Amino acid sequence: METMQLPPQWSTFARQTDWLFYFIYWLSVVLFVGIIGVALYFVWKYRRQPGVKAEPTGHATVLEITWTVSPLALLAFLFHMGFRGYIDMTVAPADAMEIRVRAKKWAWDFEYPNGGHSNVLHVPVNRPVRLTLSSEDVIHSLYIPAFRVKKDAVPGYYTTMWFEATQVGETDLFCAEYCGAAVGTTEVSEGDPPVGREGNRRHVGHFSMITKVRIHTMADYNTFLESILRPPVDPATGREATPEKWGEILYRAQQCNTCHSTDGGAMTGPTWRGLFGRQRQFTDGTSATADANYIRQSILQPNSKVVQGFNGVMPSFAGTLRDNQVDAIIAYIRTLN
Amino acid sequence: MATEVAGAHGHDEPDHLAPYLSPEAGRGIKGWLLTLDHKRIGLMYLVSTLLAFFMGGVFALLVRLELFAPGRTIMSAEYYNRAFTLHGAIMVFLFIIPAVPGALGNFVLPIMLGTKDVAFPRLNLLSFYVYLFGATFALYSIISGSVDTGWTFYTPYSTTSNTSVVSMVLGAFILGFSSILTGLNFIVTIHKLRAPGLHWKRLPLFVWGTYATSIIQVLATPVLAITLLLLAAERTFGLGIFDPALGGDPILFQHFFWFYSHPAVYIMIVPGMAVASELFATFSRRAIFGYFAIAMSSLGLALVGFLVWGHHMYTSGQSEFATTLFAALTMLVAIPSGVKVFNWTATLYKGSIVLTTPMLYALSFLILFTIGGLTGLFVGALSVDIHLHDTYFVVAHFHYVMMGGTVMAFVGGILYWWPKMTGKLYDESLAKKGWFFVFVGFNTTFLIQFIMGSKGMPRRYYDYLPQFETYHKISTVGSWLLLVGFLLTAWALIKSIRSGEKSPPNPWGSAGFEWQGTESPPVMQNFRVTPTITRGPYDYHLCSDEELFDGFPEDAEK
Ligand code: HEM
Ligand SMILES: [Cu+2]
Ligand SMILES: [Cu+2]
């Protein structure tokens, strides 16, 4: 009954919102049946009959004033209840855990306080969580039906939202603000949402900007937080990935691939093919050999030395990448020789 | 009546007392294209808006067909986005905004006022050509790459989309001028050209509704025009107004857009209410209950409609204070809408009701608009709207209002005034079958969308998760029933033109001025002598039996 029309109630907001939903629902049913029932009864009762004329319309001022003014009370009540729920959703508790959300066409990136990232939203149960949203391109909107929350991610702004999950499990997260579609199709890879399929390829766009929310117990959540700073576990073997493999994963996950190629072609930044051990020339006239220390410095303080022929546009990854992650990337770059 | 043979007139000089459709009233294609006659302009609007409805309908059917099965069904995601955008844009800008005022308003309003024409007949013709000009831009956009922004053109999506946004936006910009010209013309006509004896308290409710609509058109449309122009300028010259990458503010666009588009919702629905009032009166043979309240509630809607645009932006990140204020004001909109529903219901009480097809459409209007209005309470309540915003619940809500409301009233109005416009009767039983499919098809298509939306199905999705499949299937089947319904109705009209019986001047036995004072179809100048109005348009108790039953086929037999 509770969830006849609504998704399961998995956040502290759900009950309040649903109460109002069903209040309006039953109010509407009563009003609809009442008004339309009366109207249809009149249609039948006063159907045209030979020799019977319509009665002239009179005035019923009291009736008119009643039905103009009395709904006001009801409307004020509805506004009040909606407002209460809304204010609860607006003001996050001070001890809420922070997660940073970056939206872009057509994926979500969630960043946790320890600097780890994921594409699925992981949250602990029974603990308020505050999301700070931003967008890199167009407007998106983060929508979790089971929590009854939604907030736009607007480029050029930060927006915030919060919730407290009440149930361990997994539920859907959607993009609710239209954000276009990619041209053509791409390959299906593991973990892609089950939408937009055409044979063994898939269409990508607003409708596929879907992921999951995973709600853990606090203990499991801490394990999760640890895990995103360690090499991912290969489900087939049950073993952690090698540093080289992890480096390759980070190359994509941290978007180094948007500026660096691994096939020898120059993009915004120099290619990584054959980089390790090569002699580098810098814009300030100095030079150095690309060893592990140099690469580490290039990642953490990219503008201390700018390679000749390029601009100093690389963002610093200090604070984002941990030592073991930097090591993994270096290991990966070494494999490209 | 119409047997008087038109007397001496020059070769090209139209005969002002000939039926307006006859060759004597203006010959050939030129007689139509250069006509200043409000009735002919009305018919040209009717044909063009129905074509637009057909085109928008084709896109709707394609959208629904794509959603019939999961995964790709008939088109790619890119084309789906174009299809729903064109559906929305055509239905809003080319169909529903101009339909009732342009087609029915142009035809009926001057006759109801007892005048020969609108105040500025040339401006009237101009507004039609401006409409066609704007439509050309829209069509050009469709063939030159089309648009995929949604009819809302939200920035920065619309400033970065590589589709043909500028021509569509210019099209909507130009169409806005057509809307303004029509509105202005009607306001002046209503103020200045009422027949002797037709004081404000005797104005038919259709005129009141059109008056309220015209005011909104004149006041709100310029804001849309400026917004769209800024958008086009931003795309063309890279001005940084809305795009944050250029230092602009994307939320500003939403404020501008909805400052027009919420009032525009009333440009769409108030004319529908206006038509429905006429239908209820005629087919109950009774004055509308609470005439004054209905008239004033239209003006009330026009006014309050300007103060609630922010209710489209609860999740956008606008300030909490603004959100609260808009939510409170939004609740007020329910009052005038409720008053109207109560009054229409009370009109039926002790009437003499006959279920002709137009009346069936009027009752459908009452039922569906009530659902549309009640579901407005859900999205008006702040916390509930956070959940429902941008889901199919909203899609269902606005279709109940726009299609269940305005389109039902529009079709009812076309059938109702058809004998006056064409001088022919249509086949009632065929039209009734059409109505049946439209009514059942509409509810099959859209009722289920409320459920799917409250369960969390977002709108503008090319595909869906498995739990939504059944709902989408049912909805798509409903769209086919709708198609059958509209095809039957169209056939009834075509058949009437080709072989319909000749209509008497007042086939419904209505007390309305447009039925009492003119022939079917009216002569070019509407009236042979300028009428003097001595009673109200709903004063059935003052009408003689002959006036009411004149030529009403069924009653004549009794
Ligand atoms: C009669 C007048 C109609 C009007 C004024 C109208 C208006 C609209 C509008 C404004 C939209 C929003 C477009 C957008 O999201 O950008 C829309 C969407 C839609 N309409 Fe209609 N519509 C009408 C009839 C129909 C009919 C007859 C059908 C189905 C047979 C239909 C099916 C749809 C669908 C499937 C969507 C897309 C929902 C989504 O993906 O967000 N509409 N309509
Ligand atoms: Cu998105
Ligand atoms: Cu609105």
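Select chain A and display its contacts: among those with a separation of 6 or more, 61% join residues 24 or more positions apart. Please note that the model is predicted.

Keep chain A selected and colour by secondary structure; six helices and 15 strands should appear. Next, orient the chain along its principal axes, where the C-alpha atoms fill a box of roughly 105 × 45 × 40 Å. The radius of gyration of chain A is 29 Å, whereas a compact globule of 337 residues would have one near 20 Å.

Now switch chain A to a surface view. About 16600 Å² is exposed, and carbon and sulfur atoms supply 56% of that area. Of the 337 residues in the chain, 46% count as buried. For the charges, select the 31 positive and the 31 negative ones of chain A; their mean positions lie 4 Å apart.

Move next to chain B and select the copper ion (ligand 3). Which residues coordinate this ion? The donors are ND1 of His262(B), NE2 of His311(B) and NE2 of His312(B), at 1.7 to 2.0 Å. Along the sequence, these donor residues follow the spacing H-x48-H-H. His262(B) and His312(B) thus link distant parts of the chain, being 50 residues apart. To trace this pair, select helix H8 (residues 250-284) of chain B, which holds His262(B), and then the loop between helix H9 (291-304) and helix H10 (320-348), which holds His312(B).

Finish by centring on His262(B). Is this residue buried or exposed? The relative accessible area of His262(B) is 5%, and a residue counts as buried under 20%, so His262(B) is buried.

Note on methods. Residues numbered from 1 in each chain as written. Chains lettered and ligands numbered in written order. Predicted model: local features only at pLDDT ≥ 70, side-chain atom pairs only at ≥ 80, totals over all residues. Heavy atoms only, no water. Donors = N, O, S within 2.8 Å, 3.2 Å for Na, K, Ca; no water. Helix = DSSP H or I, 4+ residues; strand = E, 2+ residues; numbered from the N terminus. Buried < 20%, exposed > 50% of the residue type's maximum accessible area, 1.4 Å probe, protein only. Rg over C-alpha atoms; globule rule 2.2 N^0.38 Å. Contact = heavy atoms within 4.5 Å. Areas by Shrake-Rupley, 256 points an atom, 1.4 Å probe, with all protein chains shown as cover. Lys, Arg positive; Asp, Glu negative; His and termini not counted. Charge placed at Lys NZ, Arg CZ, Asp CG, Glu CD.
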